[in-house]
Amino acid sequence: MTSMLTTVNGCKFCDIVKNKKELQLKEKNTVVVINDIKPKAKHHFLVLSKQHISKPTDLTVADVPLLEEMERTGRELLREQLKKEGEADTVEDMLRIGFHLPPLLSVHHLHMHIIYPISDMGLISRKLTFRPGKVFKPARELIDQLKEDAGVPDPLEGNPAKDDVHGKIPAQVIT
C-alpha cells in the first residue's frame, strides 16, 4: 500500500475518511472505525479502508495486511468499549466480523462489519443478512481464501501439532 490513498468524489465513506473526523471512533494509518448508522447489535462498527476499494471481490493477496489491520483495529475498539462499560473481554462465539458481498452492498467502499453480541441481532440479520455464506463473508475466511488463491503456503504446514485435537481442560487443572 502506498502512502497516496485514493478517494472517490461522491463516495460517502471517502468523505468520512477525509473530512468527517468527528464521526471517527478510532483511526490508524490505513483504516478508520465508525458506528454503523443502522446498528444490528449493541456494538456495531464499520472499519473503513482509507483507500477507496469498491468491494471485497476486488481484493488480492496484496491487500491481506490491510484486512488484518481492519480486523485488529475493530477488535481493539470493541475491547476498549467493553472495558469502559465494565464488561468482560470479547466472547468469540458472540462476535461476527466480515464483509457483505455483491449484490448485497449498500455502499461501494470496502468496509468491515464488527458486530457484538450477535444475540442482539434480529432474526433476519442473524439468519440472512449477516449469516456467513453467500452474502456475508467472515474476515478470516476472506483472508484465507485470498492467500490460498495466490498459492501462499500455510505457515503451519508440516508442523506435527497442526492437527492436534484439543479437548477441554478439566477444571481442577485450571485452579
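Here's a quick briefing on the cores, the cis peptide bonds and a few single residues of this structure. Keep in mind that this is a predicted model. The biggest nonpolar core holds 24 residues, and there's a second, separate core of 10 residues too. Along the way you'll also meet two cis peptide bonds, one between P102 and P103 and one between Y116 and P117.

**The largest nonpolar core**

- Start with the residues that have the most contacts inside this 24-residue core: L67, M70, F99, L110, M112 and I114.
- Several elements chip in at least two residues each, namely the strands β2 (31-35), β3 (43-49), β4 (96-100) and β5 (111-116), plus the helices α2 (64-84) and α4 (139-149).
- Helix α2 gives the largest share of this core, with seven residues.

**A look around I114**

- I114 is one of the residues with the most contacts inside the largest core, so it's worth clicking on.
- Skip its neighbours within four places in sequence, and I114 still touches H43, H44, F45 and V47.
- The rest of that contact list for I114 is G74, L78, L95, R96 and I97.

**The second core**

- This one is separate from the largest core and has 10 residues, including C11, V17, V32 and V107.

**Two cis peptide bonds**

- P102 and P103 are joined by a cis peptide bond, with omega at about 10°.
- To find P103, look in the loop between β4 and β5.
- Another cis peptide bond links Y116 to P117, and here omega is about -10°.
- P117 sits in the loop between β5 and α3 (123-129).

**The aromatic pair**

- Search the whole structure and you'll come up with one aromatic pair.
- The partners are F130 and F136, arranged edge-to-face, with 5.5 Å from centre to centre and 70° between the planes.
- Why call it edge-to-face? The 70° between the planes of F130 and F136 is over the 60-degree cut-off, so the pair gets that label.
- F130 counts as buried because its relative accessibility is 3%.
- F136 counts as buried as well, because its relative accessibility is 0%.

**Q51 in its loop**

- You'll find Q51 in the loop between β3 and α2.
- Is Q51 buried, exposed or partly exposed? Its relative accessibility is 23%, so Q51 counts as partly exposed.
- Q51 and F13 are 38 residues apart along the chain, and their C-alpha atoms are separated by 10.0 Å.

Notes
Residues numbered from 1 in each chain as written. Predicted model: local features only at pLDDT ≥ 70, side-chain atom pairs only at ≥ 80, totals over all residues. Heavy atoms only, no water. Core = buried A, V, L, I, M, F, W, Y, C linked by side-chain atoms within 4.5 Å. Buried < 20%, exposed > 50% of the residue type's maximum accessible area, 1.4 Å probe, protein only. Helix = DSSP H or I, 4+ residues; strand = E, 2+ residues; numbered from the N terminus. Contact = heavy atoms within 4.5 Å. Phe/Tyr/Trp six-rings, centres within 6.5 Å; stacked < 30°, edge-to-face > 60°.
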